[in-house]
Amino acid sequence: MFLLHMVDSTVKKVKSQAANLITIFNLSFGGASIMATLNEAYSYSVLFIFIAAFLDRYDGKVARKLNQESELGKQLDSMGDIISFGVAPALLMYENILTDFGMAGIILTIVYIASGAFRLARFNITETTGYFVGLPITAAGTFLTFSYFLIPSVGPQFYMFLFPILSILMISTFTLKKV
């Protein structure tokens, strides 16, 4: 009887933290991407951001499926998102392209990260069901990361437009239906 109770208790604890664990993995891959960028392992950085995007896609679904949505999970998800889709892609692209633009590249990188943080904060304090307000940072960060593959095809000036466009879209107030 004691063993059965322990197993049941452990299953309940794992179930209650499953979504948060996925979010921690998302955040960890974002951190790994940053470290890969700092070590000039850009292909790994891109891979880690895409893995983080995959994990981010499922943490909320797991929380809803297990009926374990919480304020802690919402805040933790935002912390993971700012690292995995704000700092990691911005640093990746700064190191590859924007560093050549000096102070302008630094400013655009900071504006992108700050816009993502603002968008996440607004999301956390707003009750929106069925739609997003502004471009989600996960979409912006994934698109920015994907643009890494465009580096040989487009000029560096492309990124001087891409960063502010993504920043404006994140902080704008247009609505997007959730899918």
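**Surface, fold and selected residues of a predicted model**

The protein exposes about 10,100 Å², and 71% of that area is supplied by carbon and sulfur atoms. The model is a predicted one. Of its 179 residues, 39% count as buried. The C-alpha trace spans about 65 × 35 × 25 Å along its principal axes.

The secondary structure comes to 6 helices and 2 strands. Read from the N terminus, the order of the elements is α-α-α-α-β-α-α-β. Among the contacts with a separation of 6 or more, 79% are made by residues 24 or more positions apart.

The description now follows the chain from its N-terminal part. Helix H1 covers residues 2-38, and Glu40 lies in the loop between H1 and H2. Its phi is near 60°, which is a positive value in a residue other than glycine. Glu40 counts as exposed because its relative accessibility is 59%, and the cut-off for that class is over 50%.

Helix H2 takes in residues 42-65, and Phe54 has its place there. Although Phe54 is an aromatic residue, it is exposed, with a relative accessible area of 52%. Gly130 follows at a distance of 76 residues along the chain, and the C-alpha atoms of Phe54 and Gly130 are separated by 21 Å.

Helix H4 runs over residues 103-125 and contains Arg119. Arg119 is buried but has no salt bridge. The nearest side chain of opposite charge belongs to Asp81, and it is 7.5 Å away, whereas a salt bridge requires a nitrogen and a carboxyl oxygen within 4 Å. What does Arg119 contact, apart from neighbours within four places in sequence? Its partners are the residues Phe132, Val133, Gly134, Leu135, Pro136 and Ile137, together with Met170.

Ile106 also has its place in helix H4. With Met103, Ile107, Ile110 and Val111, Ile106 forms a nonpolar patch on the surface, and together these residues have about 440 Å² of accessible area. Ile106 itself counts as partly exposed because its relative accessibility is 32%.

Val111 appears again in the surroundings of Ser167: leaving aside neighbours within four places in sequence, Ser167 is in contact with Val111, Tyr112 and Ser115. Ser167 has its place in helix H6, residues 157-171. Is Ser167 buried or exposed? At a relative accessible area of 3%, Ser167 is buried, the limit for that class being under 20%.

The aromatic rings are the last topic. A search of the whole structure finds 8 aromatic pairs. In one pair, Tyr148 and Phe149, the ring centres are 5.8 Å apart and the planes stand at 75°, so the pair is edge-to-face. The two residues fall into separate accessibility classes: Tyr148 counts as buried at 18% relative accessibility, while Phe149 counts as partly exposed at 46%. Elsewhere, Phe29, Tyr44 and Phe48 are linked into a cluster by ring pairs.

How values were computed: Residues numbered from 1 in each chain as written. Predicted model: local features only at pLDDT ≥ 70, side-chain atom pairs only at ≥ 80, totals over all residues. Heavy atoms only, no water. Helix = DSSP H or I, 4+ residues; strand = E, 2+ residues; numbered from the N terminus. Buried < 20%, exposed > 50% of the residue type's maximum accessible area, 1.4 Å probe, protein only. Lys, Arg positive; Asp, Glu negative; His and termini not counted. Contact = heavy atoms within 4.5 Å. Patch = residues over 30% accessible without salt bridge, like charges linked within 9 Å, V, L, I, M, F, W, Y side chains within 5 Å. Areas by Shrake-Rupley, 256 points an atom, 1.4 Å probe, with all protein chains shown as cover. Phe/Tyr/Trp six-rings, centres within 6.5 Å; stacked < 30°, edge-to-face > 60°.
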